[in-house]
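Student: I'm new to this one and would like a close look at a single part of it. Could you start there and then work outwards?

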Amino acid sequence: MPKREDPEQLWSLSAGGLTEQLGTGPAGLTTTEAKRRLETYGPNLLHIAKRTDALTLLLAQFKSPLILILLGAVILSFFLREPVDAAIIIAIVLLSSVLGFWQEKRAAGAVKSLQAIVRIEARVIRDGVERDVPAEDVVPGDVCILNAGDIIPGDSAILESKDLFVQEAALTGESFPAEKETGTVARETPLMKRTDTLFMGTHVISGSARALVTFTGASTEFGKVSERLRLKPAETEFEHGVRRFGYLLTEVTLILVIVIFGITVYLERPVIDSFLFALAIAVGIIPELLPAIISVNLAVGAVHMARRKVIVKQLASIENLGSMNVLCADKTGTLTEGTVELQGARDAEGNSSEKGLFYAYLNSFYETGFTNPIDEAIRTHGQFDLTGYQKVDEVPYDFVRKRLSILVAKDGAHLMITKGAVSSVLDLCSSVDLRSGCRDIADMRNGIERQSKSLGDDGFRTLGLAYKRLGDVSRIGKEDEVDMAFLALLVFFDPPKAGVVEALDDLRKLGIALKVITGDNVHVATSVTRNVLGYEPKVLTGGEVHLLSDDALRSRAPMIDVFAEIEPSQKERIILALRKSGNTVGFLGDGINDASALHSADVGISVNSAVDVAKEAATIVLLEKHLNVLAAGVREGRKTFANTLKYIYMTTSANFGNMFSMAGAALFLPFLPLLPKQILLNNFLTDFPAMAISTDAVDPELVEKPRRWDIRFIRNFMIVFGVVSSIFDFLTFAALIFILKATPEVFRTGWFVESVMTEVLIILVMRTWNPFYKSMPSRPLLVAMILVLLVTLSLPYSPLKGILGLTPLPISSLMLLGLITVLYAGASEFTKKVFHERAFGKESTIVNAGLCHPGQA
């Protein structure tokens, strides 16, 4: 690979010199040589991702500060000759860590399998044959084949090009596409003027090329500046909620640990026991399996979404998809079939024009630019005999001129035919070709424009067609597009997508508003949207957007249904305005110019058939471009989030109550209410069923509206239900001391059994906001709950009872504890109903519970 520090190694050297220097040729590299170079230069990545093997993932389970503290306590216990206690704590820590490792390994494997479905590829020549390879396998010396929409896989020298325009905004900041061609430029030429060079990370707008890859990975221009350009992804709403939840738990835990440790030492309890007790309290109140639960829920959700043809590239985007309340999309392919059909050609007086159809066919048949549905529709509309015609030259379409010209010849006569946007073509014309003869353009232009508008109002799309007879010329340029004769309006129709009205109604029921953002003219966009929405949409054009300040756009954007005639750079501005007005915004895009909007949205959504740059920018990829598929993905996202919150509700309320009870019991009991090892075992057993939460059903009401975290609600929930739990804990204390006259061993055993039983039973109550008997848990969750109850009830009678500090309980004691547990379940069910009514009012629906709507967070 040429040395990057030598400025003459790329843009100032000829393609032949570079080819020789890199040891390659027009036939590209051999497969063997490509593999050797891949080993030498490494993967074509800016940042090589570290592979996480099983051992690394297992060791990562021990990074938690609480786990490290517990391991320190184990060492201290060994020094104080308490090997049994130390061994039990180690066993419980290992079990929790192995369980977390197993689940996260499965989650990582599922995500890796899903991401493999959507990958970026490059077309290269290997062994003289064109083939697609993963972009990260491209090496210096590869010859790449590039077409419109392709991401350029490495810094490259152009070997051949045809009408090549490249978007280089990521490197140069220039919003207009750069024209590229073969040749050399001076060594001092600045980056944005190196017309013979292509840069990694940019993408082809139009045209085609063959390019020699010279630098890959960190050696590219993009690699040199990637650290400066790369911004940390914005924190998602889900991640923000998890972080705030962590702060809440940290505050509560620190207060309880400090107070409990101080009180137990003051009461002259053994310092080591007090220390272990306080640490166990910390572990008991913190749901240490929360990261694993989140990973499992999101991974399971991703698998379920994949079955519904929704591929998740970033797990955190699942929650954002669920909280989305605004979806922005182009009308083409979303509201319409995206299969453009030619309705016909009409002259300036509205009559059918067979000549117009023929000239349009000539233009499209010989056009060699990037493939597009317009030309395909013209070519398939009708077949014409082109015997005797031959193509002479072409001026390709570009985004500035918005037109395409073809020069053809027959029997020595040369004819230039131009097709493009109506206004752009009319600007070139001086006359109009009618059946009755030629007329001056000044007399007919207004009528042509009115006809185009009328067709647009009816949902059609129109292009202008003009021609010009030339002498014996062999080349044409943009300067020849003058003094032409307007021939016809080409009328196209993109029918509404089958089932789109029902799909939009489904999205509305999910609380998602659709906003159409399109480059199409305002009449076409308005007509199509009116037909599918069933009412007159509010419209804002690109020209009007340009005149609005950011604050004004932020105020107006939420009220607009259709943004028409929008430039690519304005899409991102509209997305940001909608986000700043308090919405969670999704953007569905598959085009070359959608990348920045996909990156700016809360949820970037693309389709598997999209161009590479769109799939790269998206976090969600649909295997089928239909709103029904997206609606199914939204439901799965909301189910995933709802199941995550179930675990948080159940664990925080029950743990807080139990730990609060232990703190209170430590004040009046002459012994510790539970031994540290019993607290840890309690925590492990009650966390076990939570691993099956991801399989549980969700109340239908919880997927009806967008959701966000509400930490205040969770805090109040934890306190209220924690207090209810503590009341029944103290009732258990009273029963054990005053009715059963329990010894310390019996007391600990009785409360251990009651604590686990109540925490398991509370899963039935907290997993739904409806009466618990109206909603059955999933089979895996129910089996896990029953298994934990059986293990808990059997431990006091097992050979492990002595090691765990447990003792057999008489049947009367078990019956009393069972009665308290049932009363606790009933009280929790009643408290759930009252709590919800107090929080949201008697008439509110359960969908609000624990969440706030977008704009209220």
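Where is proline 537 found?

Tutor: Happy to zoom in; just keep in mind that this is a predicted model. Proline 537 is found in the loop between α17 and β19. With a relative accessibility of 7%, proline 537 counts as buried, because the cut-off for buried is under 20%. Now look at who touches it. Leaving out residues up to four places away in sequence, proline 537 has Thr526, Thr529, Arg530, Asp561 and Val562 as its contacts. You can also check a spacing on screen: the C-alpha atom of proline 537 is 9.8 Å from that of lysine 515, and the two residues are 22 apart along the chain.

Next, the elements around that loop. Helix α17 covers residues 522-533 and lies across β18 (513-517), β19 and β20 (562-564). Relative to β20, helix α17 runs at about 155°.

Those strands belong to a sheet. It's an open one made of eight strands, in the order β8-β23-β22-β21-β9-β18-β20-β19, and its pairing is mixed. The two edges are β8 (310-312) and β19 (539-541), each of which pairs on one side only. So the loop that holds proline 537 leads to an edge strand, because it sits between α17 and β19. From one strand to the next, the twist averages 20°.

For a pairing inside the sheet, try β9 and β21. Strand β9 (residues 326-329) runs parallel to strand β21 (residues 585-588), with four bridges between them. One of the matches to look for is leucine 327, whose bridge partner in β21 is glycine 586.

For contrast, go to β14 and β15. Strand β14 (residues 429-434) pairs with strand β15 (residues 437-440) in the antiparallel sense, again over four bridges. A hairpin of two residues joins β14 to β15, and leucine 434 stands opposite glycine 437 in β15. Cysteine 429, in β14, is buried, with a relative accessible area of 9%. Cysteine 144 is buried too, at 2% relative accessibility. In the whole structure, a search finds zero disulfides.

Two other loops make a nice comparison with the one you asked about. Aspartate 127 lies in the loop between β1 (121-126) and β2 (129-134), and its phi is near 55°, a positive value in a residue other than glycine. Lysine 402 is in the loop between β11 (390-395) and β12 (403-410), and here phi is near 60°, also positive. Aspartate 127 is partly exposed at 42% relative accessibility, and lysine 402 is partly exposed at 45%, whereas proline 537 is buried.

For a buried residue within a helix, pick serine 364. Serine 364 is in helix α12 (residues 354-366) and counts as buried, at 0% relative accessibility. Not counting residues up to four places away in sequence, serine 364 touches Asp375, Ile378, Arg379 and Lys419.

Now for the rings. A search of the whole structure finds 24 aromatic pairs. One of them joins phenylalanine 671 and phenylalanine 747, edge-to-face, at 5.5 Å centre to centre and with 75° between the planes. Phenylalanine 671 lies in the loop between α23 (627-668) and α24 (676-687), and phenylalanine 747 in helix α26 (residues 744-766), so the pair ties together parts that are 76 residues apart in sequence. Phenylalanine 747 also pairs with phenylalanine 733, this time tilted, at 5.3 Å centre to centre and 35° between the planes. Phenylalanine 733 lies in helix α25 (residues 711-739) and phenylalanine 747 in helix α26, so this pair links parts 14 residues apart in sequence. Phenylalanine 733 is buried at 1% relative accessibility, and phenylalanine 747 is buried at 0%. Elsewhere, ring pairs link Phe358, Tyr359, Tyr361, Phe365, Tyr366, Phe384, Tyr389 and Tyr467 into a cluster.

Finally, step right back. The protein has 29 helices and 23 strands, and of its 857 residues, 55% count as buried. The protein exposes about 37000 Å², with carbon and sulfur atoms supplying 58% of that. Of the contacts with a separation of 6 or more, 73% are between residues 24 or more positions apart.

Definitions and conventions: Residues are numbered from 1 along each chain as its sequence is written. This is a predicted model: local features need pLDDT of at least 70, side-chain atom pairs count only at pLDDT 80 or more; totals for chains, interfaces and linings use all residues. Side-chain values use heavy atoms; hydrogens and water are left out. Two strands pair if DSSP finds at least two bridges between them. Buried means under 20% relative accessible area, exposed over 50%, partly exposed in between (1.4 Å probe, protein chains only). Contact means heavy atoms within 4.5 Å. Accessible areas come from the Shrake-Rupley method with a 1.4 Å probe; for residues, only the protein chains shown count as cover. Axes are lines fitted to C-alpha atoms, for helices over the stretch in contact, and angles run from 0 to 180 degrees between N-to-C directions. A disulfide is a pair of cysteine sulfur atoms within 2.5 Å. Rings of Phe, Tyr and Trp (its six-membered ring) pair if their centres lie within 6.5 Å; planes under 30 degrees apart count as stacked, over 60 as edge-to-face and the rest as tilted.
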